[in-house]
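Visitor: I'm new to this one, so could you walk me through it while I look? Please take it slowly.

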Amino acid sequence: MSVVTVQLGQCGNQIGQELFNVISNDSNDAQTCSPRAQGKAYHACSRERFFNEEASGDPSARAVLIDMEPKVITQTIAMAAKSGRWKYREQSFFCQKQGSGNNWANGFRVHGPRHQEAMGDLVRREVEHCDRLAGILTMMSVAGGTGSGVGTYVTQCLRDDYPHTFILNQLTWPYCTGEVIVQNYNSVLTLSHLYQCSDAILVHENDAVHRICAQLMNIKHISFSDVNKVIAHQLGSVLQPAHTAHTQSQYSRNPMGELMSSLVCHPEYKLLSLCTIPQMASSSLPYSAFSWPGLLKHLRQMLICSARMEEGIDWQVRAPSVGQGAAETRGMQELGFNTSLANLLILRGKDVSSADTGGFLDPALYCPWLPAEGAISTWRSSLPFNKYEKSATLVSNSQSLLKPLDHMVGKAWNMFASRAYIHQYTKFGISEEDFLDCFTCLEQVISSYKHL
Amino acid sequence: MQRGKSVKVKEVIESLCKLLSALGIDSVPGADTFRRAKFNKEDAVDDLWTLLYNILSKAVRWECSCSVTQPHDKSARAGLVSSALWQCGYGAQWLQGGWSLVEEVGSRGLLLALGWVMSSGGLLESLLAETASGLETLAALPGVSLGAAGGGSVEWPRQAEQWERGLRRLQWEQGKLRFLWRSLQAAQQERAALLHQVLSSSSGPSAPDPDPPTGSTGNSKELEQLRTEIRLLEIYLDWKHLEPLFWSWMDSVIDAKLADPSPPSHTDAVAMAPKSAGVEGGCCQGDTERGGLDRLSEMLLMLQVGLRAVRAEQGDHAPPRARHRDVGAVTSSEKAKIQEKVGCRLHDLTEAYASIPASGGYRLRLQEHPAHQPHRPRKSTSCQAGHQGEAQASMVIQELREKEALLLRELERWRRGHREELQELVSGLEGVVLIPPLKR
């Protein structure tokens, strides 16, 4: 059972490479863990999930690299080869000479359709190497042209080609103060299209990750590589092997399916956010000790007040008491309470079986139509992840992305209202009606989450 | 219909027959039967009864008591068909006119009934959906409305919020099931792939299984079924393509019927289903509708005439009689006398009971600014200041006191009168002593 990763654009390729690095390192570390058998099983499961065994003995990532410029792909492949632990398979990439110029329409209407067959063949070859395809993970940013435009097109094609396969889109949202002037247009177009064809959309906000780098990792000059490392760590903690409720004794053979059936069963709610605790500079790891009750208490409050890191959590925000009506719940939401639809808690590390997750079973955390027992799932693995003795990750389908989404759509709408840069899109065949459709779609999403 | 077209018509009807038999309807007659039915030939009657029975018995769930009826028992069959036609809203004359008319109905009448059945409620589509049950897309087609004539409407739960929560929960669970199904499918694929690996490594690539086991026979059965369904869908598409022609031919059947002078009582029995108008807005259909319209306007006329008669009768009852008495029986002196009497009586009454309506005419209210005084509805005859709407409390009290005094006086007068009357009566009786009640 394996996951095929599709890395799209500069952002997707860089994060993908970091992700495989994390996974490779983590599963190698697991081999040295005690008890041996457990570490071996973890290693084998992780290997099968993300790597092919090449004839030469080197694992090669089950990944397809797509970009419209050669620069980043060349770098990515070189970095992977340099690690000495894993590599990308030869000829598993697709690139062109000319980028999409940060124009979603160019990627979606020109590059995507033009190279559909070549990209589809690459993915098919990876899929054929899997005994069982657990799902497809696409990674891209929403701000640029290639990642978002081509990525959206590729996701649509994947949905057509693999109608019954789980497709998880990992999206990186740009900084609010943005590097690309039309990033909000690109984001709106990407999100609204993906909402139709993807099963789940896992979002990382650059702003939040940047704050984690600055405040938790104490990095002075934050580069994209630092941001990508944090994202890769968070993703890895979700995707690495774990015991789920259905597989007590062995690692889950259906990670994507179980992730989705615990989080995104309702087609109106597909946005997932991630938070991980603890996160710190690797140099301070050996001097830190954590207890499960402390970690889970912090994580719960991070969920309630929709914080991405444990630093500076607002402890004043409380969940409404259960018997209260919708009006009171709205009132609490005004005060910053984050209502969840469903949560997935992933605990990794020492004494994981002793961790009490009762705090997440509180019905007050969830929307009224889904009972708390159905809304929370827990995965556990007793092996430490990525050198953290204990770590907890929460994948949440909740209102936490409502505010940034609303902000993004609002900014895009303001630009659209003054018809700014629209001609750049209409010249590639994205009409104003298409824009309006996308706005409508996202307004519906916003409304759905607002009334959770 | 022109000669050139009639060749086409045969094709159209043949495609319909093909579709009907593909839908599992037994003993579908040939195209020629339809043609003969158009001209009301006797020999087509039997075939059409059978066809109608077969179609209706597929579309309508008979009550269990009916289903045991022998299909060959002609009168029972005709009874079932005519009641089913009646149920689905077909109101031809021969259905209303009792049993003898049902037995006498010609093949053209039956053909028209068939047209009605086909055009109402998407009969063919529902049969198609039932036959090709594997086709999910057809599930969205409207169900047959024939059987649903007496069905009650869906009752929505009172609380919309509760309902919406339930709905969302349902959608969630459905999504979960969908994901589960996908997971199972992936597991199945994996098993198949592993099995293939095991088999190919154990038996070697040179020994393919010569006799495919039950799995492949199951596959071929499925394949066969799929082929049948595809064939059925193709036939249906053919029919859909030709359907407008069929309906215009059907219009010509109605024309033929209207033109046929022999059974005049039948001409006004034609009614067209509403759906057929959507299928083909043929010009001939206007004629049939006109026939129905004529009948309706005739009915309207009759109703109007009836209404006028009733109204005239009512008119005869009241006002003219009063007129008669006024003019004839009463002389002018009598009239003046009566009027005087009435006036007198009225005056008495007003004087005696004036207090009652007057006191009832006041309403407590906040004093309004003079500029906003409401328009007074009528002038009061009472001697008060005239501010009927906004009388001062003191004035009201004064007025009420006056009324009270007046009433007390009146009461006293009556009492005295009655006492005198009683005394008179008592004096007339002998040996009886009446003791008056205690004075209060």
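Visitor: Which element gives the most to the lining of the second largest cavity?

Guide: That is β13(A), which gives three residues to the lining. Please keep in mind throughout that this is a predicted model. The elements that supply two or more residues to this cavity's lining are β10 (271-277), α11 (292-304) and β13 (390-398) of chain A.

Visitor: How much space lies in there, and how does the lining divide by class?

Guide: The second largest cavity holds about 50 Å³ of space, and its lining has five nonpolar, six polar and one charged residues. Among the lining residues are Ser273(A), Cys275(A), Met302(A), Arg308(A) and Ser400(A).

Visitor: OK, and what lines the largest cavity?

Guide: Its lining consists of Val203(A), His204(A), Glu205(A), Ala208(A), Val209(A), Ile212(A), Gln234(A), Leu274(A) and Arg308(A), and by class these are five nonpolar, two polar and two charged residues. At least two of the lining residues come from each of β9 (200-205) and α8 of chain A, and the space inside is about 60 Å³.

Visitor: How many cavities of 30 Å³ or more does a search of the whole structure find?

Guide: The search finds four of them.

Visitor: Now the pockets. What is the volume of the largest one?

Guide: The largest pocket has a volume of about 1000 Å³. It is lined by 36 residues, of which Ser306(A), Ser400(A), Leu402(A), Lys403(A) and Pro404(A) are the closest to its centre. Two or more lining residues come from each of α7 (183-197), α8 (206-216), α12 (326-334) and α14 (402-417) of chain A.

Visitor: Which of those gives the most?

Guide: α14(A) does, with seven residues. Taken by class, the pocket lining divides into 13 nonpolar, 11 polar and 12 charged residues.

Visitor: Switching topic, how many disulfides are there?

Guide: Over all chains the structure holds zero disulfides. Cys441(A), for instance, is in no disulfide, and the nearest cysteine sulfur, that of Cys438(A), is 7.0 Å away.

Visitor: Is Cys441(A) buried or exposed?

Guide: Cys441(A) counts as buried because its relative accessible area is 15%, which is under the 20% cut-off. Cys45(A) is buried too, with a relative accessible area of 12%.

Visitor: And what about the chain as a whole, how much of it is buried?

Guide: Chain A has 452 residues, and 61% of them count as buried. The accessible surface of the chain comes to about 17200 Å², with 52% of that belonging to carbon and sulfur atoms. As for its elements, chain A contains 16 helices and 13 strands.

Terms used: Residues numbered from 1 in each chain as written. Chains lettered and ligands numbered in written order. Predicted model: local features only at pLDDT ≥ 70, side-chain atom pairs only at ≥ 80, totals over all residues. Heavy atoms only, no water. 1 Å grid on protein atoms, 1.4 Å probe; cavity = no way out; pocket = protein on both sides within 12 Å on 5 of 7 lines; lining within 4 Å. Points joined across faces, edges and corners; volume = space filled by probe spheres on them. Helix = DSSP H or I, 4+ residues; strand = E, 2+ residues; numbered from the N terminus. Nonpolar A, V, L, I, M, F, W, Y, C, P; charged D, E, K, R; others polar. Disulfide = S-S within 2.5 Å. Buried < 20%, exposed > 50% of the residue type's maximum accessible area, 1.4 Å probe, protein only. Areas by Shrake-Rupley, 256 points an atom, 1.4 Å probe, with all protein chains shown as cover.
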